[in-house]
Amino acid sequence: MTSNSWRLVGLVLLGYVGCAGASELDLNLGADAVQFEAAGEIVEGIRLGGGVLDSDYRQDATIYHAQLMGTQHTSQREVGIGARWTHYDARSGDGGGLGLGGYGYVYLPNLPAVSLGGYGFYTPDVVTTSELDKGYEVGLRARYAFTPNVDGYLGLRQLDADFDDDRGSRTLDRGAQVGVRLRF
């Protein structure tokens, strides 16, 4: 990805943060990848968000997404379900698609600062464009709330895409990650 592309992505995300009043920023790093996400509640229980992942795992790939989720947050759990548009720009192909998925975390009763959970999104071939046949992203995370507004986490992620080239599904990112989430 060129530096001009990174600047454009940064400006779009900063514009989103400023205009939509993002209530959450997330940054995570892995051995081969960096990901940035921003999300905000547009009405109670409905969140709009987006992000970009740049991975050098086996091949260069940049994955963009925008999502609309129904969410619920209590002192015992945090869940969300909704739709995500994902665009893949990889050496093996490019294209986008509309997928479904969500996330879920449970706060440990004896350690309320700790939550365990994960997320998953799947894009089937019936709602894809360009060279993308299907794709998915799944992850597991253990989070720790350092303050009411700052979480740190350790996680695992796998992101695969299947393009029109008949070579099957390709893993575009896989591995451990460390991240921080800020809530406003």
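This passage describes the fold, strand pairing, pocket, cavities and two individual residues of a predicted model.

In the predicted model, the protein contains 1 helix and 10 strands, and these elements follow one another along the sequence in the pattern α-β-β-β-β-β-β-β-β-β-β. Of the 184 residues in the protein, 43% are buried. Among contacts with a separation of 6 or more, 47% are made between residues that lie 24 or more positions apart. The surface that the protein exposes amounts to about 9600 Å², and 62% of this area is supplied by carbon and sulfur atoms.

The pairing of the strands was examined next. Strand 5, which spans residues 77-90, and strand 6, which spans residues 93-108, are paired in the antiparallel sense over 14 bridges, and the two strands form a hairpin with 2 residues between them. Within this pair, alanine 83 is placed opposite leucine 100 of strand 6. Strand 6 also pairs with strand 7 (residues 111-123), again in the antiparallel sense, over 9 bridges, and here too a hairpin makes the connection, through 2 residues. In this second pair, glycine 104 stands opposite glycine 118, a residue of strand 7.

Strand 10 likewise takes part in antiparallel pairing with strand 9 (residues 150-163), over 13 bridges, and in that pairing alanine 161 has arginine 170 of strand 10 as its bridge partner. Strand 10, covering residues 169-183, is also joined by 7 bridges to strand 1, covering residues 24-30, and these two strands run antiparallel. Glycine 30 stands opposite glutamine 177 of strand 10.

Valine 178 offers a residue-level view of this region. The residue lies in strand 10 and counts as partly exposed, with a relative accessibility of 44%. Valine 178 and asparagine 28 are separated by 150 residues in sequence, yet their C-alpha atoms are 5.5 Å apart in space. When neighbours within four places in sequence are left aside, the contacts of valine 178 are with Leu27, Asn28, Leu29, Tyr153 and Leu154. Asn28 and its two sequence neighbours in this set fall within the range of strand 1, residues 24-30, whereas Tyr153 and Leu154 fall within that of strand 9, residues 150-163. In a regular strand, the side chains alternate between the two faces of the sheet.

The space enclosed by or open to the protein was then considered. The largest pocket holds about 630 Å³ of space. Its lining comprises 32 residues, of which Glu24, Arg47, Glu78, Tyr103 and Arg181 are the closest to the centre of the pocket. The element that gives the most to this lining is strand 4 (residues 61-73), with 6 residues. Sorted by class, the lining of the largest pocket has 12 charged, 11 nonpolar and 9 polar residues.

In addition to this pocket, the structure holds 2 cavities of 30 Å³ or more. The largest cavity has about 30 Å³ of space and is lined by Arg84, Thr86, Tyr88, Phe121, Thr123, Gly135, Tyr136, Glu137 and Leu159. Strand 5, strand 7 and strand 8 are the elements that give two or more residues to this lining, which divides by class into 4 nonpolar, 3 polar and 2 charged residues. The volume of the second largest cavity is also about 30 Å³, and the residues lining the second largest cavity are Gln35, Leu53, Ile63, His65, Arg84, Glu137 and Leu159. Its lining consists of 3 nonpolar, 2 polar and 2 charged residues. Arg84, Glu137 and Leu159 appear in the linings of both cavities.

A final point concerns the backbone at serine 130. This residue is found in the loop between strand 7 and strand 8, the latter spanning residues 132-147. Most residues other than glycine have a negative phi. Serine 130, by contrast, has a phi near 55°, a positive value in a residue other than glycine. The relative accessible area of serine 130 is 54%, and the residue therefore counts as exposed, the class for values over 50%.

Conventions
Residues are numbered from 1 along each chain as its sequence is written. This is a predicted model: local features need pLDDT of at least 70, side-chain atom pairs count only at pLDDT 80 or more; totals for chains, interfaces and linings use all residues. Side-chain values use heavy atoms; hydrogens and water are left out. Two strands pair if DSSP finds at least two bridges between them. Helices (H or I, at least four residues) and strands (E, at least two) are DSSP runs, numbered from the N terminus. On a 1 Å grid over the protein atoms alone, a cavity is a set of points where a 1.4 Å probe fits but cannot get out, and a pocket is an open set with protein on both sides within 12 Å along at least five of seven lines; lining residues have an atom within 4 Å of a point. Grid points are joined across faces, edges and corners, and a volume is the space filled by probe spheres set on the points. Ala, Val, Leu, Ile, Met, Phe, Trp, Tyr, Cys and Pro count as nonpolar, Asp, Glu, Lys and Arg as charged, and the others, Gly among them, as polar. Buried means under 20% relative accessible area, exposed over 50%, partly exposed in between (1.4 Å probe, protein chains only). Contact means heavy atoms within 4.5 Å. Accessible areas come from the Shrake-Rupley method with a 1.4 Å probe; for residues, only the protein chains shown count as cover.
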